[in-house]
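Colleague: Before I use terms such as "buried" or "compact" in my notes, I should like to see how each one is justified. May we go through them in turn?

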Amino acid sequence: MKTNKIIYYIATAILTAVMLFSVSMYFLKHDMIKGAFESFGYPTYIIYPYAVVKLLGLVVLWLPGFKVLKEWAYAGFFYAFVLAFFAHYMISDGQQGTAVIALVALMVSYVFYKRINK
């Protein structure tokens, strides 16, 4: 059980680091992110709300309880990472690696979350 918790916390910490980097870019390098969103064909008005939703998802993952919200947060992150991977892949900017790292960390975190909460 202790090993499962360690793996869960490491994976969730990696996921958190990737997400906090992403959110910080949304707020601190807004013009660069705006250009990226435009190249993807996404509306730029979703940048700040998307950053806030990412932060709320992280809060839900770290707080005890909230089992249903955790499932929704994991699902939301899963779709976000898959879509981010394909968005970067389709425009060939070479940035899809971060989405892969986040997706692997997310899956490991989810599997071990389920194991420690049986």
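The exchange below takes the descriptive terms one by one and sets each against its value.

Modeller: Please keep in mind that this is a predicted model. The protein chain has five helices and zero strands.

Colleague: What makes the protein chain as compact as a globular protein of that length?

Modeller: From the N terminus on, its elements run α-α-α-α-α. The radius of gyration of the protein chain is 15 Å, and the globule rule gives 13 Å for 118 residues; the two are close, so the chain is as compact as a globular protein of that length. Along the principal axes, the C-alpha atoms fill a box of roughly 45 × 25 × 20 Å.

Colleague: Why is A73 called buried?

Modeller: A residue is called buried when its relative accessible area is under 20%. The value for A73 is 13%, so A73 is buried. This residue lies in helix α4, which covers residues 67-91. Leaving aside neighbours within four places in sequence, A73 is in contact with G57, V60 and L61.

Colleague: Why does T16 count as buried?

Modeller: The reasoning rests on the cut-off of under 20%. T16 has 13% relative accessibility and therefore counts as buried. T16 is found in helix α1. Apart from neighbours within four places in sequence, its contacts are L58 and W62.

Colleague: Which other residues of α1 are buried, and what covers them?

Modeller: Besides T16, the buried residues of α1 include Y8, A11, T12, L15, V18 and M19. What covers the buried residues of α1 includes α2 (30-40), α3 (47-62), α4 and α5 (96-116).

Colleague: How do you know that the length of α5 agrees with what is expected of a helix?

Modeller: The expected span is 1.5 Å times one less than the number of residues. For the 21 residues of α5 this gives 30 Å, and the end C-alpha atoms are 30 Å apart, so the two agree. Helix α1 can be examined in the same manner: its 27 residues reach 38 Å from the first C-alpha to the last, close to the 39 Å expected.

Colleague: Which residues of α5 are buried, and what covers them?

Modeller: Among them are A99, A102, L103, A105 and L106, as well as F112 and I116. Their cover includes α1 and α4.

Colleague: Why is S92 called exposed, whereas F66 is called partly exposed?

Modeller: Exposed means over 50% relative accessible area, and partly exposed lies between the cut-offs of 20% and 50%. S92 has 62%, so S92 is exposed. F66 has 45%, so F66 is partly exposed. S92 lies in the loop between α4 and α5, while F66 is placed in the loop between α3 and α4.

Colleague: What is the phi of each of these two residues?

Modeller: Phi of F66 is near 55°, a positive value in a residue other than glycine. S92, which is not a glycine either, has a positive phi of about 55°.

Colleague: How much of the protein chain is buried, and how much accessible surface does the chain have?

Modeller: Buried residues make up 32% of the 118 residues. The accessible surface comes to about 7,400 Å², and 72% of this belongs to carbon and sulfur atoms.

Terms used:
Residues numbered from 1 in each chain as written. Predicted model: local features only at pLDDT ≥ 70, side-chain atom pairs only at ≥ 80, totals over all residues. Heavy atoms only, no water. Helix = DSSP H or I, 4+ residues; strand = E, 2+ residues; numbered from the N terminus. Buried < 20%, exposed > 50% of the residue type's maximum accessible area, 1.4 Å probe, protein only. Contact = heavy atoms within 4.5 Å. Rg over C-alpha atoms; globule rule 2.2 N^0.38 Å. Areas by Shrake-Rupley, 256 points an atom, 1.4 Å probe, with all protein chains shown as cover.
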